[in-house]
Every structure is written in C-alpha cells, then in structure tokens.
Amino acid sequence: MKEVAYADLAGLVGQELGVSDWVEVTQERVNLFAEATGDHQWIHVDVERATKEIGGPIAHGFLTLSLIPMLGAGILRVTGVTRGINYGCDKVRFTGMVRVGKRVRMRQKLVSVEPKAGGLQMKNECTIEIEGEERPACVAETISVIYGA
C-alpha cells in the first residue's frame with residue numbers, strides 16, 4: 001500500500017497509485033447485492049437458468065462498481081485526513097462480464113487533485129480487471145473529496 005501525506009497528494013497526479021489484492025465474486029455476494037438493490041434478474045441469481053443459457057451467472061455491473069471503495073482502501077492511504085466523501089463519477093463503462101467465481105482487482109491512477117469546499121477533490125481512473133481475461137470488467141472515473149486535519 002502506498003502512503004502519502006495530505007499536503008503531498010498533488011505530487012502523485014498522473015501516476016498509477018497501485019493495484020489491489022484479488023477478490024472473488026461469489027454467488028453469495030451477488031445474491032446479497034440483489035437483495036440490497038432489488039435487482040433479481042435471472043442472469044445474476046438463477047444459477048441453473050444462467051448456466052444453461054449463458055454459461056453461468058454474472059455479477060451486476062453496479063456490484064462491480066460498488067467494489068471500488070473496498071478495493072481502493074488497499075491501494076492508497078492519505079495521512080492527515082479527517083474525513084472523505086464520495087462526490088460522484090464522471091464516466092463509468094462496463095466493458096466485460098464478471099462471471100461468478102472469478103476474481104477481480106483494481107488498478108488505480110490519480111488523474112487530478114484540486115481544491116474543493118475546503119478540502120481536496122481527487123479524480124481517479126479505476127480499472128477493475130478480471131483474473132485471466134484481457135478485457136477489464138469496468139473502467140470508471142471516480143471523484144471524492146477529502147479534508148485535512
């Protein structure tokens with residue numbers, strides 16, 4: 001894990017911050033996400049039908065996107081921060097399906113750091129890779145704001 005002081009964060013702009021550990025996307029995780037969101041489409045939760053019709057169940061695209069905070073927590077630690085908030089996304093693309101049982105990880109690049117509302121607004125390019133596959137599952141430009149002590 002990379003560590004940087006709040007005051008030095010802008011010095012990392014344009015750099016890859018790192019790569020997370022692999023995380024398995026299990027059917028249990030997919031089912032829990034379906035329960036939390038109300039999205040019970042058969043391609044995600046009906047294992048028998050999904051296996052027969054599309055070769056197995058796939059994770060929700062928004063489940064994949066929702067892994068970004070967890071995966072990012074293992075990539076960069078900014079010291080001297082009192083709090084942080086998610087501000088949004090500029091661009092999100094789901095470029096590959098994550099089949100249940102596959103592992104994913106995130107590659108993160110710091111695109112920009114700008115003053116915002118008394119803190120620093122960070123834009124990151126987050127690429128969620130699927131183990132053993134060339135095409136990523138998701139590429140997202142995420143925006144957060146962190147506040148120094």
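Start by selecting the lining of the second largest pocket: by class, seven of its residues are nonpolar, five polar and one charged (Ala, Val, Leu, Ile, Met, Phe, Trp, Tyr, Cys and Pro count as nonpolar, Asp, Glu, Lys and Arg as charged, the others, Gly among them, as polar). You're looking at a predicted model, where local features need pLDDT of at least 70 and side-chain atom pairs count only at pLDDT 80 or more, while totals for chains, interfaces and linings use all residues. Residues are numbered from 1 along each chain as its sequence is written, and side-chain values use heavy atoms, with hydrogens and water left out.

Stay with this pocket and pick Ile58, Ala59, His60, Gly61 and Phe94, which lie nearest its centre among 13 lining residues. (A pocket is an open set of points on a 1 Å grid over the protein atoms alone where a 1.4 Å probe fits, with protein on both sides within 12 Å along at least five of seven lines; lining residues have an atom within 4 Å of a point.) The space here is about 160 Å³, a volume being that filled by probe spheres set on the points. Helix H4 (residues 61-66) gives the most to this lining, three residues; helices (H or I, at least four residues) and strands (E, at least two) are DSSP runs numbered from the N terminus.

Next, the largest pocket, at about 570 Å³. Select Pro69, Asn86, Gln108, Asn124 and Ser144, the closest to its centre of the 21 residues that line it. Color E5 (81-94) too: this strand is the top contributor to the lining, with six residues.

Now go to helix H1 (residues 27-37) and show Gln27, Val30, Phe33 and Ala34, its buried residues (under 20% relative accessible area with a 1.4 Å probe, protein chains only; exposed is over 50%, partly exposed in between). They sit on the same side of H1 because they cover an arc of only 125° around the axis, taken from the directions from the helix axis to the C-beta atoms. Flip to the other side for Glu28, Leu32, Glu35 and Ala36, which are exposed. Just after H1, Gly38 has a positive phi of about 80°.

Last stop: the largest nonpolar core, with 32 residues, where Leu9 and Leu76 touch the most other members. (Such a core is a set of buried Ala, Val, Leu, Ile, Met, Phe, Trp, Tyr and Cys residues joined through side-chain atoms within 4.5 Å.) E7 supplies the largest share, five residues. Finish by centring on Leu76: leaving aside residues up to four places away in sequence, Leu76 touches Met1, Lys2, Val4, Leu9, Leu12, Leu17 and Met122, contact meaning heavy atoms within 4.5 Å.
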